[in-house]
Amino acid sequence: MRNSLFSIGLLVAFSACKKEEAAPAETLLRVNSYKQTCQAEGVFSCYLTQERDQVGSNNWQLFYNNIEGFTYQEGFIYTLKVKIEKVANPPADGSSLKYTLLEVVSKEKG
């Protein structure tokens, strides 16, 4: 009986540990020529972005993060190469991912 309870306990413990989907170390990120109002811990302007297989499509997603090293200029569509790092202890109202600009691949009038 004791071994059964131990086995069940291990099974529950391991099933509760979900393997997190790893973010790619680097990716292309497309940033639209204008921002959109969004709401999180207040109202502010978010980038509209496309990532991975959505780049070049008509689907744009709100992007609540900052991109370290990126200087945005409205009116231009950017294709960026960014590094994505997991934040060890993110704040309660912050992202668990940090984006850092590696290269501006293109900047086109939008």
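This passage describes three loop residues, E74, S33 and R52, in a predicted model.

The residue E74 is found in the loop that runs between β5 (67-68) and β6 (76-86). With a relative accessible area of 60%, E74 is exposed, because residues with a value over 50% are counted in that class. When its neighbours within four places in sequence are left aside, E74 is in contact with S33 and Y34. The first of these partners, S33, is separated from E74 by 41 residues in sequence, yet the two lie 5.4 Å apart in space, C-alpha to C-alpha.

S33 itself lies in another loop, the one between β1 (26-31) and β2 (36-39). The relative accessible area of S33 is 11%, and S33 is therefore classed as buried, since the limit for that class is under 20%. Beyond its neighbours within four places in sequence, S33 is in contact with Y72, E74, G75, F76, I77 and G110, so that the pairing with E74 appears again from the side of S33. In addition, the side chain of S33 makes a polar contact with the side chain of N32, at 3.5 Å.

The third residue, R52, has its place in the loop between β3 (43-51) and β4 (61-63), and R52 is partly exposed, with a relative accessible area of 48%. The backbone of R52 shows a phi near 55 degrees, which is a positive value in a residue other than glycine. Most residues other than glycine have a negative phi.

Methods: Residues numbered from 1 in each chain as written. Predicted model: local features only at pLDDT ≥ 70, side-chain atom pairs only at ≥ 80, totals over all residues. Heavy atoms only, no water. Helix = DSSP H or I, 4+ residues; strand = E, 2+ residues; numbered from the N terminus. Buried < 20%, exposed > 50% of the residue type's maximum accessible area, 1.4 Å probe, protein only. Contact = heavy atoms within 4.5 Å. Polar contact = N/O pair within 3.5 Å; in protein donor to acceptor, adjacent residues only side chain to side chain.
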